[in-house]
Amino acid sequence: MRHIPFTCEQRAGMLDVVGAASIEDLFTDVPAPARLGRPLSLPSGMSEMELVRHLRELAATNTPATELVSLAGAGCYDHYVPSVVDHVIRRPEFFTAYTPYQPEVSQGTLQAIYEYQTMICELTGMQVANASMYDGATAFVEAALMACRLTRRCRVVVAGPVHPEWVETLLTYADSGLLTVDVVCANGGVSEVDPVTSALDYDVAAVLCASPNFMGNLEDLSMLGTAARNVGALFVVASNPVLLAILEPPSAFGADIVVGEGQPLGGAMSFGGPGLGFFACMLDHVRQMPGRLVGRTLDADGNDAYVLTLSTREQHIRREKATSNICSNHALNALAAGVHLSALGLAGLTGVARACCAKARYLRGRLLGTGRFRAPWDVAFGYEFALAYDGDARDMHDAMRERGYLAGIVVETDDETEDLCLFAVTEQRTREELDGFVSEVASL
């Protein structure tokens, strides 16, 4: 059987051990107004065969993005995942491992994490990376908190269009009083020097930005980095790991901390998760970096050995002095990212990035040529871009889904009369698919 519930006799035995006469006695400390006071309104039970059929019917009402021509992005992208990734992460020694606290029996897992950290450092230009975090949003927040600890300041400035869910996560932490957050909006699709510098003062711990930003545009990291350094603030950059194969690393612009969402590296879209947050910094800041870090040393015989140099045990022992409440990591997703990067290599990842950018520019040009779309700005972008649609963007989106296309993401703007369509084009999209989408959307 797939589920063996407690029997009445077992339940009675447990109640007897704790000294309760009934299940209701276990909840006597809960005020009566807060208790339901009636049986749950649940349907009658099903046999396993009926239940499996019911669940399959429910699942069939979904339309996975992989069954559509997906042009959606906004943090979750339809990249091709080589079959070797799934083959490796499903090996029992990786799939069932959780916490490698015993290095003598966890060398495989520890080495895999170490290799992942090394590749993240190579991409970002940073000197040290941790063993991954929950997702891009929490990595972004942890970078802000880390900057506050390092500078002993408590205000951060978010520059330009950063993913709204990431900003919302940061503001949730701000509600606790740990820090204050100022968000500097951008009217032209990217950050502008005057609004950013006007928001900065010597109480700012960090300037945080994303490049590409939420709208897919590339920020002027040189300008933002200089603005941060002028007031003694740290510079935090969130980036897309695929584009780091062809862009100058954030370290070239003075970034102190680099974070991002690692889903494009070996992660399926999977209805939006799980992903992983990558997190890297300069070596001087490593003692304030949250999460785990695997290091390489030598064993008693002089052979390479891997250990948790900084581990989550510290987070529990130090309690209020701990660097973070993050006490775990997405090791399996980080392994997938490591396998993905190993399978592609630098040349392969560079080819993927160039293909994505080229196809994005092709689609953007074709859509503008229909006369149904307008570019709200003319700035450099990666493989994601925003256009204004001549009509109701949500109606267009719904109509195209019925025709087999996921027409990007509809983004609300301050202008109530005009929403933007945010399109992402990965290496998976063919010319025939892009031409088909343009033809269909032009016929609406």
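Start with the whole chain in view: buried residues make up 47% of its 444 residues. Keep in mind as you go that this is a predicted model.

**Stop 1: the whole chain**

Show the cartoon, and you will find 13 helices and 15 strands. The radius of gyration is 25 Å, close to the 22 Å that the globule rule gives for 444 residues, so the chain is as compact as a globular protein of that length. If you draw a box along the principal axes, the C-alpha atoms fill roughly 75 × 60 × 50 Å. Switch on the surface: the accessible area comes to about 22,700 Å², and carbon and sulfur atoms account for 53% of it. For a contact map, take pairs at least 6 apart in sequence; of those contacts, 71% join residues at least 24 apart.

**Stop 2: the seven-stranded sheet**

Now pick out the open sheet, whose seven strands follow the order 2-8-7-6-5-3-4 with mixed pairing. Strand 2 (128–129) and strand 4 (180–184) stand at the edges; each has a single partner strand, so one side of each is left without a neighbour in the sheet.

Next, select residues 204–210 and 234–238, which are strand 5 and strand 6. These two run parallel and are joined by five bridges. Zoom in on A206 and you will see L234 of strand 6 opposite. Then add residues 221–230: this is helix 9, which packs on the sheet and touches strand 3 (155–159), strand 5 and strand 6. The direction of helix 9 makes about 150 degrees with that of strand 6.

**Stop 3: helix 5**

Select residues 107–124 to bring up helix 5, which lies across strand 2, strand 7 (257–261) and strand 8 (277–281). Against strand 8, helix 5 runs at about 70 degrees. Its 18 residues reach 26 Å from first C-alpha to last, close to the 26 Å expected at 1.5 Å a residue.

Which residues of helix 5 are buried? Colour T109, L110, A112, I113, Y114, Y116, Q117, I120, C121, L123 and T124 to see them. An α-helix has 3.6 residues a turn, so residues three or four places apart point the same way. Just after helix 5, stop at G125, which takes a positive phi of about 80 degrees.

**Stop 4: V167**

Finish in helix 7 (residues 164–174), where V167 is found. Is V167 buried or exposed? With a relative accessible area of 12%, V167 is buried. Leaving aside residues up to four places away in sequence, V167 touches V158, V162 and V183. For a last distance, pick the C-alpha atoms of V167 and R155: they are separated by 14 Å, with the residues 12 apart along the chain.

How values were computed: Residues numbered from 1 in each chain as written. Predicted model: local features only at pLDDT ≥ 70, side-chain atom pairs only at ≥ 80, totals over all residues. Heavy atoms only, no water. Pairing = 2+ DSSP bridges. Helix = DSSP H or I, 4+ residues; strand = E, 2+ residues; numbered from the N terminus. Contact = heavy atoms within 4.5 Å. Axes fitted to C-alpha atoms, helices over the stretch in contact; angles between N-to-C directions. Rg over C-alpha atoms; globule rule 2.2 N^0.38 Å. Buried < 20%, exposed > 50% of the residue type's maximum accessible area, 1.4 Å probe, protein only. Areas by Shrake-Rupley, 256 points an atom, 1.4 Å probe, with all protein chains shown as cover. Expected span 1.5 Å × (residues − 1).
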